[in-house]
Amino acid sequence: VFLDSSSLSDLRGLISEGLALSDTAVLLGTEEVFTRPYCLMEMYYAKKNKIPVLLLRLESPAGRKWQLQTARQQLHDLFSAPDDRNTVVQQILREEAKSD
């Protein structure tokens with residue numbers, strides 16, 4: 001079992017040393033999950049490398065649930081909405097797209 005919060009200092013190492021060695025990824029489907037750069041990169045890597053993803057849809061204490069439409073909008077906004085949190089993710093995704 002690899003928990004991604006064990007080392008958040010290097011995004012690339014997190015993926016190559018953790019997710020790459022996993023048989024399945026578990027996504028805790030919170031309302032804001034795709035606003036987190038690490039979650040975005042992990043899901044991108046899982047899809048690219050055909051690692052199955054198990055989605056656990058969670059409800060917030062306020063009763064808000066993970067919604068597919070919200071997740072789609074968050075992914076769309078990754079490149080269209082200015083957000084400093086996504087700068088590293090945008091850079092890595094662009095580099096990956098060039099190498100594909």
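Q: Why is Arg64 called partly exposed?
A: In this predicted model, Arg64 has a relative accessible area of 45%. Buried would need under 20% and exposed over 50%, so a value in between earns the label partly exposed.

Q: What makes Glu31 and Arg64 a salt bridge?
A: Their closest N and O atoms are 2.5 Å apart. The rule asks for a side-chain nitrogen of Lys or Arg within 4 Å of a carboxyl oxygen of Asp or Glu, so this pair passes. The pair also links distant parts of the chain: Glu31 sits in the loop between β1 (25-29) and α2 (37-48), while Arg64 sits in the loop between β2 (53-57) and α3 (68-80), 33 residues apart.

Q: Why does Glu31 count as partly exposed?
A: Glu31 has a relative accessibility of 25%. The buried label stops at 20%, so Glu31 falls in the partly exposed class.

Q: How do you know that Glu59 and Lys65 form a salt bridge?
A: Here the closest N and O atoms are 3.9 Å apart. The limit is 4 Å, so this pair is accepted as well. Lys65 counts as partly exposed, with 47% relative accessibility. By the salt-bridge rule, the count for the model comes to two.

Q: What is the pattern of helices and strands along the sequence?
A: Read along the sequence, the protein follows α-β-α-β-α-α. The total is four helices and two strands.

Q: How do you know that β1 and β2 pair?
A: Five bridges join them, and the two strands run parallel. Pairing needs at least two bridges, so β1 and β2 qualify. Among the partners, Leu27 is matched with Leu55 in β2, and Gly29 with Arg57 in β2.

Q: What is the handedness of the β-α-β crossover?
A: The chain goes from β1 through α2 to β2, and this crossover is right-handed. If you point the strands away from you, right-handed means that the path from the first strand over the helix to the second runs clockwise.

Q: What are the covered and uncovered faces of β1?
A: The covered face holds Ala25, Leu27 and Gly29, whereas the uncovered one holds Val26 and Leu28. In a regular strand, side chains alternate between the two faces of the sheet.

Q: Which residues form the nonpolar patch on the surface?
A: They are Val26, Leu28, Leu54, Leu56 and Leu58, with about 410 Å² of accessible area together. β1 and β2 each supply at least two residues of this patch. Leu58 is found in the loop between β2 and α3.

Q: Why is Leu58 called partly exposed?
A: Leu58 has a relative accessible area of 35%, which lies between the 20% and 50% limits of that class. Patch residues need over 30%, so Leu58 clears that cut-off too.

Q: How do you know that α2 has close to the span expected of a helix?
A: α2 has twelve residues and reaches 16 Å from its first C-alpha to its last, close to the 16 Å expected at 1.5 Å a residue.

Q: Which residues of α2 are buried?
A: The buried residues are Pro37, Cys39, Leu40, Met41, Glu42, Met43 and Ala46. To carry that label, a residue must have under 20% relative accessible area. Over the whole protein of 100 residues, 30% count as buried.

Q: Why is Tyr44 called partly exposed?
A: Tyr44 has a relative accessible area of 25%, and the buried class requires under 20%. Tyr44 lies in helix α2. Tyr44 and Leu93 are 49 residues apart in sequence, yet 8.5 Å apart in space, C-alpha to C-alpha.

Q: What makes Val53 partly exposed?
A: Val53 has 40% relative accessibility, a value between the limits of 20% and 50%. Val53 belongs to strand β2. Its C-alpha is separated by 7.9 Å from that of Met43, ten residues apart along the chain.

Q: What is the phi of Lys50?
A: Phi of Lys50 is near 55°, a positive value in a residue other than glycine. Most residues other than glycine have a negative phi. Lys50 comes just after α2, in the loop between α2 and β2.

Q: Why is Lys50 called exposed?
A: Lys50 has a relative accessible area of 76%. Exposed begins at over 50%, so the label fits.

How values were computed
Residues are numbered from 1 along each chain as its sequence is written. This is a predicted model: local features need pLDDT of at least 70, side-chain atom pairs count only at pLDDT 80 or more; totals for chains, interfaces and linings use all residues. Side-chain values use heavy atoms; hydrogens and water are left out. Buried means under 20% relative accessible area, exposed over 50%, partly exposed in between (1.4 Å probe, protein chains only). The expected span of a helix is 1.5 Å times one less than its number of residues. Patches are made of residues with over 30% relative accessible area and no salt bridge: like charges are joined within 9 Å, nonpolar side chains (Val, Leu, Ile, Met, Phe, Trp, Tyr) within 5 Å. Accessible areas come from the Shrake-Rupley method with a 1.4 Å probe; for residues, only the protein chains shown count as cover.
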